[in-house]
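Q: Could you walk me through this one? I'd like to start with how contacts are counted and then move around the chain.

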Amino acid sequence: MSDVKEQQEEEEEKDLRSVLVTSVLTLEKIDQGLYRGSHPWVPRSNTLFGGQIVGQALVAAGLTVGKGLHAHSLHCYFVRPGDPRVPVLYQVDLVRDGRSFSVRSVRAVQHGLAIFVCQASFQLDQPSPMEHQCCMPEAPLPESLLTWAELIDKAMRDPLLSERHRLGLSKILAKDVPIEIRPVLPIDYVPGTPLEPRQLFWVRAKGHIGEGDMNMHRCVAAYISDYSFVRTAWHPHVRMPMRSMASLDHSLWFHAPFRADEWMLYECESPWAGSSRGLVLGRLWRRDGTLAVSCAQEGVFRLRQKTPGAVPASKL
Ligand SMILES: CCCCCCCCCC(=O)SCCNC(=O)CCNC(=O)[C@H](O)C(C)(C)COP(=O)(O)OP(=O)(O)OC[C@H]1O[C@@H](n2cnc3c(N)ncnc32)[C@H](O)[C@@H]1OP(=O)(O)O
């Protein structure tokens with residue numbers, strides 16, 4: 001094969017690779033246990049996307065553990081909004097290396113202050129005869145469903161849609177997010193209709209990640225797992241005027257190997273909301289019915305209206 005053709009093929013292959021791997025989850029090493037992450041994509045809230053911080057923190061922790069160790073759980077707190085104007089520094093503390101498990105503590109810093117803290121634990125692969133799992137919910141195959149973009153496009157053709165909502169939908173459509181979504185449960189595109197505190201959708205990273213680095217698939221899943229997760233708790237309360245919502249914490253448990261560039265079913269459910277917070281539990285299923293990841297998150301919900309006991313912003 002000629003050099004030019006080989007180079008061309010290499011370039012094409014690179015183009016097909018997931019931007020999550022080639023850019024978002026590629027960190028620059030600054031020193032031992034110190035890494036810098038950038039943010040090619042920033043949400044409309046103009047603060048950093050929580051999933052990106054979780055994913056990058058897990059990459060940083062993973063860079064400090066031995067070969068053959070894979071992340072099995074992580075527990076995080078988002079303590080300040082991330083500033084999209086500056087990079088994030090990830091400081092990794094090597095808490096302990098045992099025979100089977102290694103634990104890392106990661107602190108994400110901007111402007112000299114922690115924006116996020118996290119503990120992650122890694123384990124050597126250890127098969128065991130003690131195994132069980134619950135069942136995947138039934139869902140139509142992703143190939144038979146419309147994409148998120150197609151659903152929005154369809155909703156925008158509705159002549160009864162108000163201009164304000166049409167503008168909102170076109171902004172969602174314009175977002176070039178690095179993941180693909182195919183909703184299973186109907187999505188209400190006309191705000192104001194309360195929904196069950198539940199979501200079910202197929203999801204995968206856009207582009208190719210390939211086999212190989214199992215930790216990278218887990219970092220990509222960490223990114224994906226925060227997408228739209230917290231809003232599950234808001235579904236029954238969509239009539240309430242929301243000032244802001246943000247994830248407060250995020251926990252993940254990785255069970256079985258999976259590929260984040262292949263379709264996984266994301267099942268999200270909110271069992272409780274109260275005290276300005278909402279709890280959401282999630283499961284990422286491989287399409288063969290294997291439970292791959294369990295997720296849990298609490299979010300804070302601030303309403304526009306004056307709520308009893310609320311502290312006025314000016315007094316804080
Ligand atoms: C791939 C596509 C992705 C699509 C994007 C989807 C977005 C997904 C969701 C996310 O990713 S959210 C991002 C991750 N999470 C965060 O960035 C949250 C970071 N953490 C925080 O910001 C703080 O921990 C938090 C604000 C939650 C702590 O609240 P505090 O009350 O302790 O902090 P603070 O005193 O600084 O108050 C912050 C705001 O809450 C208000 N506040 C506090 N207590 C209140 C109260 N009791 N009543 C009403 N408002 C209150 C306060 O006035 C202020 O309002 P303003 O920002 O408007 O100034």
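A: Contact here means heavy atoms within 4.5 Å. The model is predicted, and among the contacts in the chain with a separation of 6 or more, 72% are accounted for by residues 24 or more positions apart.

Q: How many helices and strands are there in the chain?
A: The chain has six helices and twelve strands, and buried residues make up 43% of its 316 residues.

Q: What does UniProt list for domains, and which residues?
A: An unreviewed UniProt entry lists residues 40-123 as "domain: Acyl-CoA thioesterase-like N-terminal HotDog", and it lists residues 192-300 as "domain: Acyl-CoA thioesterase-like C-terminal". In the model, the span 40-123 is 15% helix and 49% strand, with its end C-alpha atoms 31 Å apart, while the span 192-300 is 11% helix and 48% strand, with its end C-alpha atoms 20 Å apart.

Q: On to the core, then. Which residues have the most contacts inside the largest one?
A: The largest nonpolar core has 66 residues, and those with the most contacts inside it are L58, L74, Y90, F116, V220 and F254. A second, separate core has eight residues, including L145, V184, W202 and L291. As background, nonpolar side chains tend to be buried together in soluble globular proteins.

Q: And what does V220 touch?
A: Not counting residues up to four places away in sequence, V220 touches L20, V21, L25, A205, I209 and A260.

Q: Switching to pockets: what volume does the second largest pocket have?
A: The volume of the second largest pocket is about 800 Å³. Its lining has 22 residues, of which M130, E131, F254, H255 and A256 are the closest to its centre. F254 is also listed among the residues with the most contacts inside the largest nonpolar core.

Q: Which element gives the most to that lining?
A: The strand β3 does, with three residues. At least two residues of the lining come from each of β3 (69-78), β6 (113-124), α6 (214-225) and β9 (242-254).

Q: How do the lining residues divide by character?
A: They divide into ten nonpolar, nine polar and three charged residues.

Q: Let's look at single positions. Where is L16 found, and why does it count as exposed?
A: L16 is found in helix α1, which covers residues 3-16. It counts as exposed because its relative accessibility is 58%, and exposed means over 50%. Even so placed, L16 is in contact with G207 and H208, leaving aside its neighbours within four places in sequence. L16 and K206 are 190 residues apart in sequence, with 8.7 Å between their C-alpha atoms.

Q: How about S270, buried or exposed?
A: S270 is buried, since its relative accessible area is 8% and buried means under 20%. It lies in strand β10, residues 264-274, and its contacts, leaving aside neighbours within four places in sequence, are with P197, T232, A233, L279 and V280.

Q: How many residues apart in sequence are S270 and R80, and how far in space?
A: S270 and R80 are 190 residues apart in sequence, and their C-alpha atoms are 24 Å apart in space. The L16 and K206 pair is also 190 residues apart in sequence, at 8.7 Å from C-alpha to C-alpha.

Q: Any backbone oddities to note? What is the phi of H111, for instance?
A: The phi of H111 is near 50 degrees, which is a positive value in a residue other than glycine. H111 sits in the loop between β5 (101-110) and β6, and at 57% relative accessibility it counts as exposed. S275, which is not a glycine, has a positive phi of about 50 degrees; its place is in the loop between β10 and β11 (277-286), where S275 is exposed with a relative accessible area of 61%.

Q: Last one: where is L146 placed, and which residues does it touch?
A: L146 is in the loop between β6 and α4 (148-156), and it is partly exposed, with a relative accessible area of 36%. Not counting residues up to four places away in sequence, L146 touches L151, K154, R182 and P183. The C-alpha atoms of L146 and R182 are separated by 6.0 Å, and the two residues are 36 residues apart along the chain.

Definitions and conventions
Residues numbered from 1 in each chain as written. Predicted model: local features only at pLDDT ≥ 70, side-chain atom pairs only at ≥ 80, totals over all residues. Heavy atoms only, no water. Core = buried A, V, L, I, M, F, W, Y, C linked by side-chain atoms within 4.5 Å. Buried < 20%, exposed > 50% of the residue type's maximum accessible area, 1.4 Å probe, protein only. UniProt positions renumbered as here; feature names shortened; annotations may be inferred. Helix = DSSP H or I, 4+ residues; strand = E, 2+ residues; numbered from the N terminus. 1 Å grid on protein atoms, 1.4 Å probe; cavity = no way out; pocket = protein on both sides within 12 Å on 5 of 7 lines; lining within 4 Å. Points joined across faces, edges and corners; volume = space filled by probe spheres on them. Nonpolar A, V, L, I, M, F, W, Y, C, P; charged D, E, K, R; others polar.
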